[in-house]
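Me: I've got a model open and I'd like to go through its sheets and salt bridges with you. Can I fire off some questions?

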Amino acid sequence: MQKSAKERLLWSQFDSLQIGMDWDEEDIVRPQVLIEDVFGDSHPGSSHLNRLAEQVKYGVYEKGGKPASFHATDICDGCAQGHDGMNYILASRETIADMVELHAMATPWDALVLISSCDKSLPAHLMAAARIDIPTILVPGGSMRPAPYMTTSIRAGDISLRQKKKDAISDEEIREFKLTGCPSEGACQFLGTASTMQCMSEALGMSLPGSALAPATMHDILNLSRKAGRAAMNLYKKGIKASDIMTPAAFRNAIIVHSAIGGSTNATLHLPAIAAELGIDLPVDLFDEINHLIPHIGNIYPGGKHLTESFWFAGGIPRVQLMLKDYLDLSVMTVTGKTLGENLQDVVKDNFLSRNAGYLANYGIDVDEVVRPVSSVKEIGSLAMLKGNIAPEGSVVKYGALTEEMMVHEGRARVYDSEEACYGAVVAGEVDQGDVLVIRYEGPRGSGMPEMLMTTEAIVCDERLNGTVSLITDGRFSGATRGACIGHVSPEAASGGPIAFIRTGDIIRYDIPGRTLDVVGIDGVKKTPEEVAAVFAQRAKEGIIPRPKRKGVLKKYTDNAKSAMKGAGL
């Protein structure tokens, strides 16, 4: 029975308002499907989603439903780099989730289709799906075409750094990058947070098999969108809700896939935040446990060589799941109305893997180069949680994107109270080889937890510093981050965490295999843990730096955000 049937009897204007659009008397008694997208002119990851929504509508109509389109456009980390706009990015996750919840709860809906591509909108949609808990499917917006010579839009780091140095780059080179860095619609070409979260949606069972990272310029993504509309109606008829799919076992499956592909550290924020909406506790220690077990088979940039389009051609998430099926719970329910195990059987029967491998052959690339056979892989996992006197609650590092030489490091701390100050020091040549940079007061309550991509790229694009300098922060990183970058340090400085009491000249040591992160010396002199604790206690008496006064949505977020170890939600 249509969910809104009872409400329609309460107030006749309900039907009149819908007929006042392009609905007729048959439409108002059909199962009604809410289609939520983040379409808009905000960035290439969202500017094409209206076309996917149109296909979803066709699929819903085919199966007897009535679709209705709603929109809450997202914003882009890339457009917010280097200025105060970046402080609003993570907060937008909460706002988008709230808007979808508002749309879904003011009117009764029978099913929900979510369409998103990128960093914050996709986890926001899954958070909303968990709250609303009706039959739901998410359509990923796919991946962008490669830039020239198989490069990505992240070349912006090198371009931007050289722009700030005299005679280091020509106007022509800058213009060529601007014209080619983002050659099409879709999420950026590397395994950043956008691409990672598309993969996580599929790995959770909330997206159709093979839909994560489908090229945004190919017909496949349109076909998958239409199938999603049909699938939403199937979920409605079977009564399968979001909570039936996003179970503890499904989250564990997703973390296994994340470990295997070398996904963004931001998944350690988003997956726990999604799980929390379902009342599921997803401790970040689970990421560490799983990363001790799972082979890192994805050779995907920035932790590897190949771009996201090539990963999809190589078989994408279904190939990874087939290769790791002995680690996965294949009995979990998915948006197809079938189990993960049944889906994988269907993928093989459909020749999805061999068909797409033919596209990869156009580039002269073998499938095993992109998704490496388990037997050939030495590295286990790709992400670690570090704890110590800097981060008693924890911190995160993607070791799949750094060199063996930097897995253990000890160096002199250089401390900055904002990313802008640290970036300026790197550009000005004030940082020495071996230094450990500390950026604090950039956590969820400090400034909204901006990402540090501009600074991390300045480090790796500087030949003098690359491979020798580490960065530690209570902020977060882009999924494109490369190098020894330890983030999400908790408790954060704005909450009085120990990172607030580090001083320039202290000695910091981290050991990724040992999972430790500590101050081991004060003012250049080695100290015992007890001596360091005594110094920190004395420094704590000076208090922390007052945070800037905020207003509106950013004030709401920074006043109430949870620890990064709890997903940084509200």
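Reply: Sure, and keep in mind that this is a predicted model. Ask away.

Me: Let's go to β5 and β6: in which sense do they pair?

Reply: Strand β6 covers residues 394-397, and 3 bridges link it to β5. One bridge partner pair is M385 with V396 in β6. The sense of the pairing is antiparallel.

Me: Which helix packs on the sheet there, touching β8, β9 and β10?

Reply: The strands it touches are β8 (436-439), β9 (470-473) and β10 (485-490). The helix direction makes about 165° with that of β9. The helix spans residues 453-460, and that's α21.

Me: What is the strand order of the 9-stranded sheet?

Reply: It's an open sheet with mixed pairing. β5 (384-386) and β13 (525-526) each have a single partner strand, so they stand at the edges, with one side of each left without a neighbour in the sheet. Reading across, the order is β5-β6-β10-β9-β8-β7-β11-β12-β13.

Me: There's also a sheet of 4 strands. Which are its edge strands?

Reply: That sheet is open too, with parallel pairing and the order β2-β1-β3-β4. Its twist averages 20° from one strand to the next. The strands that pair on one side only are β2 and β4 (136-140).

Me: How many bridges join β1 to β2?

Reply: The two strands run parallel, with β2 at residues 66-71. V33 stands opposite P67 in β2, and L34 has A68 as its bridge partner there. The total joining β1 to β2 is 6 bridges.

Me: How many residues of β1 are buried?

Reply: In a regular strand the side chains alternate between the two faces of the sheet, so it makes sense to check each face. On one side Q32, L34 and E36 are buried, and on the other V33, I35 and D37 are buried as well. For the strand at residues 32-37, the count is 6 of 6.

Me: Which helices lie across β1, β3 and β4?

Reply: One of them, residues 121-132, runs at about 170° to β3 (111-116). Another, residues 219-238, runs at about 175° to β4. Their names are α6 and α10.

Me: On to charges. How many salt bridges does a search of the whole structure find, and what is the N to O distance for D77 and K120?

Reply: The search of the whole structure finds 36 salt bridges. D77 lies in helix α4 (residues 77-80) and K120 in the loop between β3 and α6, so the pair ties together parts that are 43 residues apart in sequence. The D77 and K120 side chains meet with an N to O distance of 3.1 Å.

Me: Is K120 buried or exposed?

Reply: The cut-off for buried is under 20% relative accessible area. D77 has 6%, so D77 is buried. K120 has a relative accessible area of 3%, so K120 counts as buried.

Me: Which residues share a salt-bridge network with K120?

Reply: D119 forms a salt bridge with K120, the closest N and O atoms being 3.7 Å apart, and D119 is buried, as is K120. Elsewhere, D506 and R539 form a salt bridge with closest N and O atoms 2.7 Å apart, and both of those residues are buried. Through salt bridges that share partners, K120 is joined into one network with D77, D119, E451 and R476.

Me: Which residues does D462 contact, leaving aside neighbours within four places in sequence?

Reply: D462 lies in the loop between α21 and β9, and D462 is buried at 10% relative accessible area. The C-alpha atoms of D462 and V427 are separated by 8.9 Å, with their positions 35 residues apart along the chain. The contacts of D462 are L161 and K165.

Me: Last one: is V553 buried, partly exposed or exposed?

Reply: V553 is found in helix α23 (residues 552-560). With I75 and Y88, V553 forms a nonpolar surface patch of about 230 Å² accessible area together. Its relative accessibility is 39%, so V553 counts as partly exposed.

Notes
Residues are numbered from 1 along each chain as its sequence is written. This is a predicted model: local features need pLDDT of at least 70, side-chain atom pairs count only at pLDDT 80 or more; totals for chains, interfaces and linings use all residues. Side-chain values use heavy atoms; hydrogens and water are left out. Two strands pair if DSSP finds at least two bridges between them. Contact means heavy atoms within 4.5 Å. Axes are lines fitted to C-alpha atoms, for helices over the stretch in contact, and angles run from 0 to 180 degrees between N-to-C directions. Patches are made of residues with over 30% relative accessible area and no salt bridge: like charges are joined within 9 Å, nonpolar side chains (Val, Leu, Ile, Met, Phe, Trp, Tyr) within 5 Å. Accessible areas come from the Shrake-Rupley method with a 1.4 Å probe; for residues, only the protein chains shown count as cover. A salt bridge is a side-chain nitrogen of Lys or Arg within 4 Å of a carboxyl oxygen of Asp or Glu. Buried means under 20% relative accessible area, exposed over 50%, partly exposed in between (1.4 Å probe, protein chains only).
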